[in-house]
Amino acid sequence: MQKLTIIIPVYNAEKYLRRCISSILEQDYPNLELILVNDGSTDNSFSIMREFPAIILDKQNGGAASARNEGLRYATGDFIMFVDSDDSLAPGCLKNIMNAKTDITRFKMRYCYPDSTTFIEPKDFESGRIIPYNEFKNTVYPKMFTSTKMNTISRTLYKRNVIKDIMFNEKMKTAEDLAFNIEAFSNAKTFEYIDKPYYNYSKNNEGLSGKGTKIWIKYKCNFIITKKLLGHLKLWHMNNLKYIFLALIRPFTVTILKILRKR
């Protein structure tokens, strides 16, 4: 049985933390390494972390990217997964996704709102088959230009050797997940999508995500993404006018998509 490391960055998450950790430790997958990274919390989060059997790291506040990088330095699993401290995993998640035979595996997300309503996102990819690298330019990479579907590392399982030389950009206050995925999917040879909502995403204004980030900072980070996409076009065999144009306008199209999504 291959070892799985789950990394949870924690910042002032006392309201949700027990639910998050319990949803992982109650999974039917015993070969699990749980790493909790306290990112300078000022509430009771650190005390709650110490209630559970996990590797506990304590650091000064540096943001989600910094906390995940700290967790990666201590991770020893064959596979790596990231969970946010206000989110949770559905029963059966780990047992099922660890049956995957690919370098990267993604699955559906269930959005959980404060009024207790939920919404399961539409399917992102064809499910039930392994997508080889030579098909990424028609399936995976285009979504990095035209949507926000690849903007999250949550509900994603990475084989360790695919991300062993990748770290999160700690200077980015948003879109650092996509920057990470651009590198990860450039290293991967196979990909699988599981059409099951195993990840429960909590829609609130707390935690370590980029919520509340000023608009000019978001644009700055998205222009970093544009530069990174342009730098990968030749590697992806997509170095043509269409994708150069889509990369250049991406900061604006992403903003429009997010505005429409909030309505």
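Hi everyone, let me start with one pair of residues: Leu36 sits across from Ile56, which belongs to strand E3. Before going on, a word on where this comes from: it is a predicted model, where local features need pLDDT of at least 70 and side-chain atom pairs count only at pLDDT 80 or more, while totals for chains, interfaces and linings use all residues. Residues are numbered from 1 along each chain as its sequence is written, and side-chain values use heavy atoms, with hydrogens and water left out.

Now, the strands. Helices (H or I, at least four residues) and strands (E, at least two) are DSSP runs, numbered from the N terminus. Strands E2 and E3 (residues 55-59) pair in parallel through 5 bridges; pairing takes at least two DSSP bridges between two strands. On to E1, residues 4-10: this strand also runs parallel to E2, and 7 bridges join them. Here Pro9 is opposite Val37 of E2. Getting from E1 to E2, the chain passes through helix H1 (residues 17-25), a right-handed β-α-β crossover. Right-handed means that, with the strands pointing away from you, the path from the first strand over the helix to the second runs clockwise.

How many residues of strand E2 are buried? In E2, residues 32-39, 7 of 8 are buried, that is, under 20% relative accessible area with a 1.4 Å probe, protein chains only.

Last, the cysteines. The disulfide count is 0, a disulfide being two cysteine sulfur atoms within 2.5 Å. Why does Cys20 have no bond? Because its closest cysteine sulfur, in Cys93, is 12 Å away, which is too far. Both are covered: Cys20 is buried at 0% relative accessibility, and Cys93 is buried with a relative accessible area of 0%. Thanks for listening!

Technical notes
Buried means under 20% relative accessible area, exposed over 50%, partly exposed in between (1.4 Å probe, protein chains only).
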